[in-house]
Each structure stands twice: as structure tokens, then as C-alpha cells.
Amino acid sequence: MTLSVLRTADAWWVRTPTGAARVDTAAITTRELLADRQAVTAAAASADTVAVDSLALVSPVTAPCRVVAQMTNFASHVRDSGMNPDTVPLTFFRKTSGSISGPFDDVVRPAHVRLLDYEVEIGLVFGREMPVGSDITAENLTEYVAGLVVTNDVSARDVQLPKTQFYEGKSYPTFTPVGPALVLLDAAELRRFTELRLRLWVDGELRQNMTVADMIYRPLETLRALTRFQRMDAGDLLLTGTPVGTALSAPPRPVEILGSLLPPKVKWRLFFRGQAKNPKYLHDGAVVEAAIGTDDGALDLGRQRTIVRHAP
């Protein structure tokens, strides 16, 4: 049975059919809460509830923690980036946990950023330590993956691309909205992972809409690769990639070839001049909504709603 865990500034909650029940726990961090699973289960059976809408929800993943992300992990996104899904490698990058924000917090665009993009992603939340060299199998996968969350991998493209690294351009404060719920799953529910549909809207326009069936490297293969070099602990977060539909897309092949012949400074100046005309990048006041769930509603990670605000 899925358990949807919510968090406010002063408490943990579990969503029930009648509302949200407070978890009787001393846990402060996500890691501590996952170690107190008995309290979470007890709260799910409580009849003492409040309306979920009355809660000021914050991210159910607490910082500090490790935040690791997968690059170009949906076939549709790989093709849109001008690459071949059959040959794209399994690649990771890091984000700061200082970028984590709540599911209804503003996304703040730094003053020097011009091309702000969005990427709805499923976040895997670890339920136990995964030391380097851990033996990850289909049978023990749910020991490591405690639950799933909605995330938005917000990206400053004009910082990310010229520097040819992702860390800064994806790590500014508020660049990883998480939640509203941490949905704890059992083994049977996790087997429905490929049925999850990722959707993202900007100002009511549906921009991204794809199921996990389009994902290239799924959790079992991903964790087997990650454990070769990266330790993860309970409460850490792994973002698993985004489908097609982001503002950024690869230029036509002939243009890309011509651009490769130019000096880097000239190439990027021309590229960003063209991107500045793209209306899909996030503007001041843009409303970004992201939701993940199965089409039958049996698994529902919830829906986040954030507004873009430009820093002065």
C-alpha cells in the first residue's frame, strides 16, 4: 500500500482518505523519518486528520543530502538533443541540495540568467545506505529505493552550455522544487514504475507528457552503475531524467555543423541570440505545474505549482 508522506515546517504528515494525519515522531530529517516507519504506518491508520489544503507544505526531502541526476535519459529527449538513444551513455551529474525548495515555492531566477528552462523528473529517495560496491538486484531494489517524488530540474541554459558542465547552472537556490509528497512504495507498486506519466505545464500549456516507458536507463540498471563510484545514504535524492518538451532543443543538423566550425565565443553568441527569440523559456510570473502518476490514478505522486520570480 502506498503511503504519501507530507511535510510542513514543524511536522510530518501522512495523507489518508479523510485528510492528513500527523506523524508522532521526533524525526527532523527525511533520513530519520524513514528510520521511523512504524510511526508513519500508525499515522496512516489515524482518524484524527486535518485538511491537506490547510497545510503549508515544504519539500519532503530535507537538506543537506546528496542530489544526483541522470542526463538525457528519455529517448524522446535524446533525439530532440540531436543524439542517438541507442548509443547514449548512462551519465550522471551532481546538484547542490541547497537548490531544493518546496512544491509551491517561487522559483527565483538569478539576475544574470536569461534562459531559464524546466525539466519534470521522477526523484528516487533512498531508504538505506548504498556503499560503493553494493550488490543491487531486482529482489533488493526496494530496500534501497524507499519512495518517489515529483521534481523539477530547473536549468539556467546560458550558464550550463558554455561552461560544458551542469553543476552551477542547475544548482542555484530554488532550482530543484520537490514534492508535494514522498510516496513510499512496496515491491509490487514499484513494478508499475514504467506506467508513471510525467507531465508539465507552463501557464496552462502542456509542454511535457510522456510515460516512463520512454526511459532508457531504469532504476535497477542506474543504481548498479551508480554504486560503482558513488555512495548514497537514506534520504538522498536521485533525479532520473526528463522527456521531450523542454524549451531547449538542438539546432538543425546543418546549422550545428556550421556552428562547430566557428570560434566558441562566436558560436555561443549566435546560439544564444537565436535562443533569446524562443518564447518557451520561463518568464517572470510564469506558472509551472508538474505532476506524475499512473493513468489509472493508482499511483499518484501529486502536483506541484511554482511561480517564476526574477531576482532584482
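**Exercise 1.** Decide whether serine 59 is buried or exposed in this predicted model, and describe its surroundings.

*Solution.* Begin with the relative accessible area of serine 59, which is 5%. A residue counts as buried when this value is under 20%, and therefore serine 59 is buried. Next, place the residue along the chain: serine 59 belongs to the loop between strand 4 (49-50) and strand 5 (67-70). Then look for residues around it, leaving aside neighbours within four places in sequence; serine 59 is in contact with Arg7, Ile100, Ser101, Gly102, Pro103 and Val178. Finally, turn to the polar part of its side chain, where a polar atom lies 2.8 Å from the backbone oxygen of valine 61.

**Exercise 2.** Trace the sheet that contains strands 4 and 5, and find which strands stand at its edges.

*Solution.* First write down the order of this open sheet of 10 strands, which is 4-3-2-1-14-11-10-17-5-6, with mixed pairing. The edges are then strand 4 and strand 6 (92-95), each of which has a single partner strand, so one side of each is left without a neighbour in the sheet. Now take strand 5 and strand 17 (residues 237-239), which run parallel and are joined by three bridges. Within this pairing, valine 68 stands opposite leucine 238 of strand 17. As background, strands of a sheet pair through backbone hydrogen bonds, either parallel or antiparallel.

**Exercise 3.** Identify which residues have the most contacts inside the largest nonpolar core, and follow one of them outwards.

*Solution.* The largest nonpolar core has 61 residues, and those with the most contacts inside it are Ile122, Leu148, Phe193 and Leu223. Choose phenylalanine 193 and set aside residues up to four places away in sequence: it touches Ile122, Leu124, Leu148, Val212, Met215 and Pro219. Apart from the largest core lies another, of 26 residues, among them Val23, Val61, Leu184 and Leu237. Val61 also supplies the backbone oxygen that lies 2.8 Å from a polar atom of the serine 59 side chain.

**Exercise 4.** Explain why the radius of gyration of the chain agrees with that of a compact globule.

*Solution.* For 312 residues, a compact globule would have a radius of gyration near 20 Å, and the chain has 19 Å, which is why the two agree. To complete the picture, note that the C-alpha trace spans about 65 × 45 × 35 Å along its principal axes, and that 54% of the 312 residues count as buried. The chain as a whole holds nine helices and 19 strands.

Technical notes
Residues are numbered from 1 along each chain as its sequence is written. This is a predicted model: local features need pLDDT of at least 70, side-chain atom pairs count only at pLDDT 80 or more; totals for chains, interfaces and linings use all residues. Side-chain values use heavy atoms; hydrogens and water are left out. Helices (H or I, at least four residues) and strands (E, at least two) are DSSP runs, numbered from the N terminus. Buried means under 20% relative accessible area, exposed over 50%, partly exposed in between (1.4 Å probe, protein chains only). A polar contact is a pair of N or O atoms within 3.5 Å; within protein, one must be able to donate a hydrogen and the other to accept it, and residues adjacent in sequence count only if both atoms are side-chain atoms. Contact means heavy atoms within 4.5 Å. A nonpolar core is a set of buried Ala, Val, Leu, Ile, Met, Phe, Trp, Tyr and Cys residues joined through side-chain atoms within 4.5 Å. Two strands pair if DSSP finds at least two bridges between them. The radius of gyration is taken over C-alpha atoms; the globule rule is 2.2 Å times the number of residues to the power 0.38.
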